[in-house]
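Open the model in your viewer and keep the selection panel at hand. The stops below say what to select and what is there.

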Amino acid sequence: MSDKEGPKTNIAGLYNRVASLYGQVGPDTFADAGRRLVEHMDIAEGAKVLDAGVGRGANLFPAAEKAGPRGQVIGIDLAENMLRETAAEIQRRNIAQASVVLMDAEQLSFPSGFFDDVLCGFAIFLFPHLEQALSEFLRVLRPGGKLGITVARNADALEQWYSKRIIQYHEQHHFPLNAGGENLDLSELPSYLARVGFVDGRVQNEQTEFVYADAEQWWDAKWTHGTRYSLEQMAPAVLERFKTEVFARLQEVRQPDGIHEQWNLQFILGVRGAEEKEDE
């Protein structure tokens with residue numbers, strides 16, 4: 001296996017393992033963020049839309065609703081189990097304008113200028129070669145087409161504590177922290193977009209709150225998305241000790257109705273500029 005494909009294989013494997021539970025435990029945080037991204041994108045009726053890193057369709061389903069029966073919404077992913085789950089949901093909802101396909105976002109097989117909009121929710125940091133992926137997004141957009149990316153920034157106090165503690169465990173016990181992808185400073189995303197050729201970049205910040213029923217639900221949710229990777233790399237005794245610490249912390253912050261979690265969402269938006277005219 002080459003160094004280039006290793007991280008992608010790890011990432012696909014991780015999301016294959018979480019596919020059946022992704023977004024299904026506790027509040028549906030990804031679906032909520034997907035609806036917000038689609039609202040910011042102002043997707044037109046009849047639009048052709050690409051959802052890169054489609055997962056369980058958090059962006060795809062609201063985009064398909066906006067595009068309507070005359071539109072076309074295609075979700076791509078490297079995790080076959082994610083695609084299988086989402087394809088089944090598309091069929092259950094009978095959404096003819098939506099489909100999913102196995103594809104690498106860094107090597108899109110679509111023709112240039114094919115899409116009106118490209119969406120990418122909570123996946124941009126998974127691409128080992130970010131500029132290559134962004135360049136591909138630019139290429140497949142028509143002139144004037146829009147890109148929308150969702151990330152989470154500035155974690156709340158509970159998530160900061162959790163992240164700091166898991167790093168301390170990593171430093172002590174030497175297990176991997178993530179499956180791969182680029183070590184990305186999210187504050188630099190707008191400059192990445194400009195670097196590959198996107199124009200009219202803007203950033204929208206929103207804060208939202210989710211409530212988990214109890215500590216068990218909060219902990220179980222950690223096993224349903226990317227944070228699972230570091231947990232499953234721990235030795236059983238280490239994991240049990242870490243879980244005990246986490247549950248003690250959760251009991252400290254628990255409110256009468258459950259565990260509250262603040263999400264600071266950031267939507268990074270860009271446009272493919274008009275084609276430059278050749279000099280006469």
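Select Ala 237 and Glu 252: both are exposed, on the other side of helix 10 from its buried residues (buried means under 20% relative accessible area, exposed over 50%, partly exposed in between, with a 1.4 Å probe and protein chains only). This is a predicted model, in which local features need pLDDT of at least 70 and side-chain atom pairs pLDDT 80 or more, while totals for chains, interfaces and linings use all residues. Residues are numbered from 1 along each chain as its sequence is written, and side-chain values use heavy atoms, without hydrogens and water.

Next, select Val 238, Leu 239, Phe 242, Val 246, Phe 247 and Leu 250, the buried residues of helix 10. Seen down the helix axis they fall within an arc of 165° (taken from the directions from the axis to the C-beta atoms), so they line one face. Show helix 6, helix 8, helix 9 and strand 7 to see what these residues pack against (contact means heavy atoms within 4.5 Å; helices are DSSP runs of H or I, at least four residues, and strands of E, at least two, numbered from the N terminus).

Return to Glu 252 and add Arg 249: their side chains form a salt bridge at 3.3 Å, N to O (a side-chain nitrogen of Lys or Arg within 4 Å of a carboxyl oxygen of Asp or Glu). The two lie three residues apart in helix 10, about one turn. Arg 249 is partly exposed, at 26% relative accessibility.

Now select Glu 106 and Lys 8, a salt bridge at 2.8 Å, N to O. Glu 106 lies in the loop between strand 3 and strand 4 and Lys 8 in helix 1, so the pair ties together parts 98 residues apart in sequence.
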